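Please study the sequence and the structure shown below before attempting the exercises. Each task is followed by a worked solution.

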Amino acid sequence: ASNEHWEVTVMGAIYRERIYPGGFYLYRAKTGFMIVDVGIRVRYISKPNVLIDEADVVIINEEHESVSVAWVGVKLNAGEGSIDPFSLGINDSAKAVQGITYYRLIFIIPEAEEQSLLFRFQPDAPLVIFSVKKPE
């Protein structure tokens, strides 16, 4: 999705039973919640570099509840080639966009078998709809 300021693409969303944030410890979601790993590609059209507020990086569920990002992986100035965002480590913070930037964003959301979600990168960025399904 794009508008006059942003190009935002959700490249994929994966249910995770557990993750290893920073590679140091194991995290499992509490009962009633699930881990969603979201890969995105972002470009700020208006200028090459912009600072962002990580608190504004959210997904919105079907009940219109916003959930902030828990962990982040980022690759700034990735260029025109494609990067697999799920290969990024998850020990960074989402503080800037420089050129074409890839993010791996980990969210903890209320559990459901399948959900349609809205992704919002920043208040002036377009909303992007995506879905995630818990494996059987």
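The exercises below concern a predicted model.

**Exercise 1.** Determine where Arg-104 lies and whether Arg-104 is buried or exposed.

*Solution.*
Step 1. Locate the residue: Arg-104 belongs to strand β10, which covers residues 100-110.
Step 2. Apply the cut-off: a residue counts as buried under 20% relative accessible area.
Step 3. The relative accessible area of Arg-104 is 12%, so Arg-104 is buried.

**Exercise 2.** Identify the side chain with which the side chain of Arg-104 makes a polar contact.

*Solution.*
Step 1. List residues beyond four places away in sequence that Arg-104 touches; among them are Arg-16, Asp-37, Trp-71 and Phe-86.
Step 2. Examine Asp-37: its side chain makes a polar contact with that of Arg-104, at 2.7 Å.

**Exercise 3.** Describe the open sheet that contains β10, and state which strands stand at its edges.

*Solution.*
Step 1. Write the order of the four strands: β1-β4-β10-β8, with antiparallel pairing.
Step 2. β1 (6-16) and β8 (71-75) each have a single partner strand, so each is an edge strand with one side left without a neighbour in the sheet.
Step 3. On average, neighbouring strands are turned by 20° against each other, direction ignored.
Step 4. Consider one pair: β8 and β10 are joined in the antiparallel sense over five bridges, and Val-72 has Leu-105 in β10 as its bridge partner.

**Exercise 4.** Which element gives the most residues to the largest nonpolar core?

*Solution.*
Step 1. This core has 30 residues; Tyr-103 and Phe-107 are among those that touch the most other members.
Step 2. Elements giving two or more residues include β1, β4 (33-44) and β10.
Step 3. The most come from β4, which gives six residues.

How values were computed:
Residues numbered from 1 in each chain as written. Predicted model: local features only at pLDDT ≥ 70, side-chain atom pairs only at ≥ 80, totals over all residues. Heavy atoms only, no water. Buried < 20%, exposed > 50% of the residue type's maximum accessible area, 1.4 Å probe, protein only. Polar contact = N/O pair within 3.5 Å; in protein donor to acceptor, adjacent residues only side chain to side chain. Contact = heavy atoms within 4.5 Å. Pairing = 2+ DSSP bridges. Axes fitted to C-alpha atoms, helices over the stretch in contact; angles between N-to-C directions. Core = buried A, V, L, I, M, F, W, Y, C linked by side-chain atoms within 4.5 Å.
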